[in-house]
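The following exercises are to be worked through with the sequence and the model side by side. Each task is followed by a solution in steps.

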Amino acid sequence: MAAGPLPALAGTGSAANAADRGEPATGGPAKGRAVAIAQVQGRGAASPLAGEPVVLTATVSADFREGLGGLFVQDAGDGDAATSDGLFVRAAEGFQFPADVAAGRQCRFHGRVIEEKRGADSATTLLAGHIDRCRDAAPVPALALDALPADWEALEGMRVRIDAPLAVTGTDAVQRFGELAVSFDGRQWQPSEVARPGSPEHATGAARNARQRLLLDDGSQQRDPAQVAWLDGREIPRVGATVRDAEGIVEQRHGGWRLQLDAAPRIEAAARPAPPQVPGNVRVAAFNLENLFNGDGRGGGFPTERGARTPQALDAQLAKLVATIRDLDPDVAALMELENDGHDADSSLARLLRELNEGDSAQWRFVDAGRGPGTDTIRVGLIYRGDRVVARGRPAVLEGGPFGERSRVPLAQAFRRKDGGKEFVVVANHFKSKGCSEAEGADADQKDGQGCWNGLRLDSAQRLHRWLESAPLGKDRERVVILGDFNAYAMEDPVRWLREQGWSDAFAAVADAAAGSAAGAGTGAAGDAASGSAAGRPWSYVYQGLSGRLDHALLSPSLLPHLRGAAEWHVNADEPDDAGYAGRNVPGPWRSSDHDPLLLGFDL
């Protein structure tokens with residue numbers, strides 16, 4: 001990630017230029033006083049010697065001139081654990097490091113102390129204008145950490161080795177910036193997944209995440225590096241993998257603490273999970289397809305507005321989606337992010353079903369809403385196994401208000417097992433995302449952790465509830481599941497409001513039943529369970545190293561007693577981006593989307 005420019009220095013003319021080089025106006029090395037690095041670093045976030053010329057003797061602990069534009073140096077220390085013994089050294093304007101300056105060499109550094117801006121942060125830096133008296137020295141030993149340190153500031157610029165196991169929490173910045181998000185305390189949760197936004201508990205969760213979080217970096221500011229040095233030719237790990245023996249230099253940059261690695265750590269891979277199994281005689285799934293677009297449907301029309309860029313990429317995308325859906329083996333599936341291109345043979349929906357039915361005894365069909373539903377670029381859809389269930393009556397859609405250009409139009413259809421049984425209704429949903437484009441007023445980011453468009457998502461939830469209360473598919477169809485991508489975490493307003501109206505979180509209900517609670521405990525139990533223990537907590541999405549659920553399944557009181565199981569298949573959210581069809585294209589369902597699918601089992 002690109003560091004900010006060197007800060008502007010006060011003064012003009014030749015004297016100021018000499019100061020920029022770490023030299024006095026008369027030439028020669030700066031006549032600063034000899035100090036230890038701990039005196040430069042001090043006990044606070046900023047150096048007490050900022051702006052002063054100093055001379056220090058230290059050993060080069062890491063050479064990141066090519067990547068970060070400077071060196072890290074470290075001295076023997078002052079014995080005070082509250083002050084760092086390491087420092088970043090950058091060459092002043094017009095000065096070049098001598099050829100004999102390298103890792104393992106002890107030198108005397110003359111220069112001026114500055115606070116160098118790095119995004120919102122600053123780092124104490126020596127702007128060196130002269131280096132002399134270099135000689136070979138013993139390599140700088142790494143300080144071993146077997147637990148999260150009390151204060152990273154006291155270690156800034158120092159070489160450390162983390163003996164404690166680090167959990168991989170996010171991989172989305174590995175390819176872009178060479179950064180891997182890890183934690184000292186396992187998977188990190190979105191604060192609004194576990195606590196009500198704006199509450200003290202929410203703030204505590206956010207602070208705990210920041211405290212436990214660390215970035216393992218590649219010692220480079222390069223964007224989209226061809227190779228990430230610390231990977232050492234290995235594949236990017238899944239979220240949930242364990243990193244051991246991470247060694248490098250502690251640094252603060254762009255809002256967080258990181259370890260600039262100069263050696264490859266050990267990485268213990270996280271196992272890929274088998275397809276989930278749920279009890280019951282009806283299986284209902286929900287799956288965000290991450291933009292299934294098929295061009296003009298006849299092999300042309302690429303690149304499309306979203307999704308695959310070529311016909312070959314579409315083939316690879318479909319292979320992954322088909323593998324995922326087949327392994328889930330649902331009877332009914334609610335789909336999100338389908339291209340909104342009709343229902344004829346050239347539509348993306350029809351192409352998906354042809355692929356699902358090819359070489360299989362399955363008889364996949366889709367619910368035809370006539371048009372859309374909705375006019376947005378993407379839409380929801382419902383598909384079902386015609387050899388297992390039958391669609392009952394006509395579908396229904398909810399249009400108007402937030403449903404159209406913002407939230408996608410919901411689609412509802414009644415079903416029944418082909419061999420008889422009770423009818424049930426499946427409602428596919430996809431609420432407005434958290435992106436802030438055009439958001440204003442109540443829909444702007446309120447800085448409570450819910451992002452932009454929360455007001456519109458809450459309005460969507462309220463209108464959806466009132467619509468279903470009006471029985472749009474006819475009376476006596478009260479066994480209803482509303483599911484899909486709500487773009488809201490479990491404790492955010494839209495999902496919490498629906499639970500308060502009597503809709504039960506399927507995952508919380510199953511957890512309550514497993515814990516010996518009554519499965520039909522109702523809204524109170526479901527609401528409480530959504531913020532309960534992290535053991536076994538579900539997730540469907542990982543964003544910037546934080547896990548949570550954007551995808552939900554909420555049951556009406558009449559359907560709740562029929563629930564027998566609920567599971568997510570972590571086939572996507574934990575996988576690195578490059579495992580998908582546009583990257584390495586790992587065979588099978590892995591990274592078929594950015595969302596994990598969910599699967600429910602009912603006895604009907």
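**Exercise 1.** What is the handedness of the link of Cys-107 and Cys-134, and how many degrees are there about the S-S bond?

*Solution.* The structure is a predicted model, in which local features need pLDDT of at least 70 and side-chain atom pairs count only at pLDDT 80 or more, whereas totals for chains, interfaces and linings use all residues. Residues are numbered from 1 along each chain as its sequence is written, and side-chain values use heavy atoms, with hydrogens and water left out.

Step 1. Establish the bond: a disulfide is a pair of cysteine sulfur atoms within 2.5 Å, and those of Cys-107 and Cys-134 are 2.1 Å apart.

Step 2. Read the torsion: it is 115 degrees, and the link is right-handed.

Step 3. Place the two residues. Helices (H or I, at least four residues) and strands (E, at least two) are DSSP runs, numbered from the N terminus. Cys-107 belongs to strand 5 (residues 105–118) and Cys-134 to strand 6 (residues 121–136), so the bond connects distant parts of the chain, 27 residues apart.

Step 4. Assess accessibility. Buried means under 20% relative accessible area, exposed over 50%, and partly exposed in between (1.4 Å probe, protein chains only). Cys-107 and Cys-134 are both buried.

**Exercise 2.** Which residue does a disulfide join to Cys-436? Describe the bond and its setting.

*Solution.* Step 1. The partner is Cys-452, with an S to S distance of 2.0 Å.

Step 2. The torsion about the S-S bond of Cys-436 and Cys-452 is about 90 degrees, and the disulfide is therefore right-handed.

Step 3. Both Cys-436 and Cys-452 lie in the loop between strand 22 (424–430) and helix 8 (454–469), so the pair ties together parts that are 16 residues apart in sequence.

Step 4. Cys-436 is partly exposed because its relative accessible area is 44%. Cys-452, at 2% relative accessibility, counts as buried.

Step 5. A search of the whole structure finds two disulfides; with bonded cysteines counted along the chain, their pattern is 1-2, 3-4.

**Exercise 3.** Which element gives the most residues to the largest nonpolar core?

*Solution.* Step 1. A nonpolar core is a set of buried Ala, Val, Leu, Ile, Met, Phe, Trp, Tyr and Cys residues joined through side-chain atoms within 4.5 Å. In soluble globular proteins, nonpolar side chains tend to be buried together.

Step 2. The largest core has 32 residues, and those touching the most other members are Leu-289, Leu-292, Leu-335, Leu-352, Leu-356, Trp-364 and Ile-383.

Step 3. Two or more residues each come from strand 16 (282–292), helix 6 (311–328), strand 17 (332–339) and helix 7 (348–357). Helix 6 gives the most, with eight residues.

Step 4. Inspect Trp-364, taking contact as heavy atoms within 4.5 Å. With neighbours within four places in sequence left aside, its contacts include Ile-325, Leu-353, Leu-356, Ile-383 and Tyr-384.

Step 5. A separate core of 31 residues has Ala-509, Leu-560, Leu-600 and Phe-602 among its members.

**Exercise 4.** Where do the cis peptide bonds that precede Pro-303 and Pro-373 occur, and which loop holds Ala-471 and Asp-476?

*Solution.* Step 1. Recall the usual geometry: most residues other than glycine have a negative phi, and most peptide bonds are trans.

Step 2. Phe-302 and Pro-303 are joined by a cis peptide bond with omega about 0 degrees; Pro-303 is in the loop between strand 16 and helix 6.

Step 3. Gly-372 and Pro-373 are likewise joined by a cis peptide bond, with omega about 5 degrees. Pro-373 is in the loop between strand 18 (364–366) and strand 19 (378–385).

Step 4. Ala-471, although not a glycine, has a positive phi of about 55 degrees. Its place is the loop between helix 8 and strand 23 (480–485), and at 27% relative accessibility Ala-471 counts as partly exposed.

Step 5. Asp-476 has a positive phi near 65 degrees. Asp-476 lies in the loop between helix 8 and strand 23 and, at 69% relative accessibility, counts as exposed.
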